[in-house]
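Me: I am new to this structure and would like a close look at a single part of it, the disulfide bonding. Please take me through that part and what surrounds the topic.

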Amino acid sequence: MAALAVLLLVVAAAVEGGAAWSFWPPAAGDEPYCLSWRVMVEANNAKNWPTVPPPCVGYVWRYMAWGQYARDVAAVADQIAAYAAQLAAGDDGLDAWVFDVDDTCLSNLFYYQAKQFGAYDPVAFKEWASKAICPGVPGIAQLFQTLRGRGFRVFILSGRDQQTLASSTAANLAAAGFAGYDRLIMRSAEYRGMSAVVFKSAMRMQLMEEGYRIRGNVGDQWSDLQGDFVGDRVFKVPNPMYFVP
């Protein structure tokens, strides 16, 4: 890890100084275009894109790995904490938050970097997720524990397959600092093939039918935050790596 950090510093210095270099990712494409494209992604104006546009692969790599992504996630976490500080969890224990897993709690950056942000491959991703080695998204575990400390119930809602990935996902969450959630809800066989919006709406409806009040909903995809029973307020974690309908 130390060697990698040194290498990245050397590359960054070379780029800043205008030196030629050949380390992946490739040299910047159209930076203004890529910035505009990323804003469209976060605003949900860009939809159903299968891969990062080829000219923007290097841009997305730098955004995710060189600090701006971490700063943006921290800004989202600050907004969530500020909102939660205005709320009082009821004594009945039914005030709840819902968190997505992939690239909300657990980061798949290393996986998508290795694929140069190419098309989604369900077999390869399942193999990656089964290893339970995803690091936590910066700052989200601390936010998760803050919400728990304020008396909120926290549910983890993931589109991952329950039958094949339940144990590895639970282990990965625990290793990344997400201990003490109330329930890990994953996609069972009856929901396979359904869109994320339909599946997650159904799971949130079940929580509401159990009496829970969803005070906040956190996800990296708009499909985590749309549909029915989304909660009092939604918060979008940035993700320009892939799109889930």
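Reply: A disulfide is counted where two cysteine sulfur atoms lie within 2.5 Å of each other. The model shown here is predicted. A search of the whole structure turns up one disulfide. Its partners are cysteine 34 and cysteine 56, with an S to S distance of 2.1 Å, so the pair falls within the 2.5 Å cut-off. This link connects distant parts of the chain, as its two cysteines are 22 residues apart. Cysteine 34 sits in helix H2, which covers residues 31-42. Cysteine 56 belongs to the loop between H2 and helix H3 (57-65). The angle about the S-S bond is -95°, and the link of cysteine 34 and cysteine 56 is left-handed. Cysteine 34 and cysteine 56 are both buried.

Two other cysteines can be described by their accessibility. Cysteine 105 has 0% relative accessibility and therefore counts as buried. Cysteine 134 also counts as buried, because its relative accessibility is 4%. The cut-off behind these statements is under 20% relative accessible area.

Apart from the disulfide, there is the matter of internal space. The structure holds one cavity of 30 Å³ or more. The largest cavity has a volume of about 70 Å³. It is lined by 13 residues, and those closest to its centre are Val41, Gln221, Trp222, Lys236 and Phe243. Sorted by class, the lining of the largest cavity consists of seven nonpolar, four polar and two charged residues.

Terms used
Residues are numbered from 1 along each chain as its sequence is written. This is a predicted model: local features need pLDDT of at least 70, side-chain atom pairs count only at pLDDT 80 or more; totals for chains, interfaces and linings use all residues. Side-chain values use heavy atoms; hydrogens and water are left out. On a 1 Å grid over the protein atoms alone, a cavity is a set of points where a 1.4 Å probe fits but cannot get out, and a pocket is an open set with protein on both sides within 12 Å along at least five of seven lines; lining residues have an atom within 4 Å of a point. Grid points are joined across faces, edges and corners, and a volume is the space filled by probe spheres set on the points. Ala, Val, Leu, Ile, Met, Phe, Trp, Tyr, Cys and Pro count as nonpolar, Asp, Glu, Lys and Arg as charged, and the others, Gly among them, as polar. Helices (H or I, at least four residues) and strands (E, at least two) are DSSP runs, numbered from the N terminus. Buried means under 20% relative accessible area, exposed over 50%, partly exposed in between (1.4 Å probe, protein chains only).
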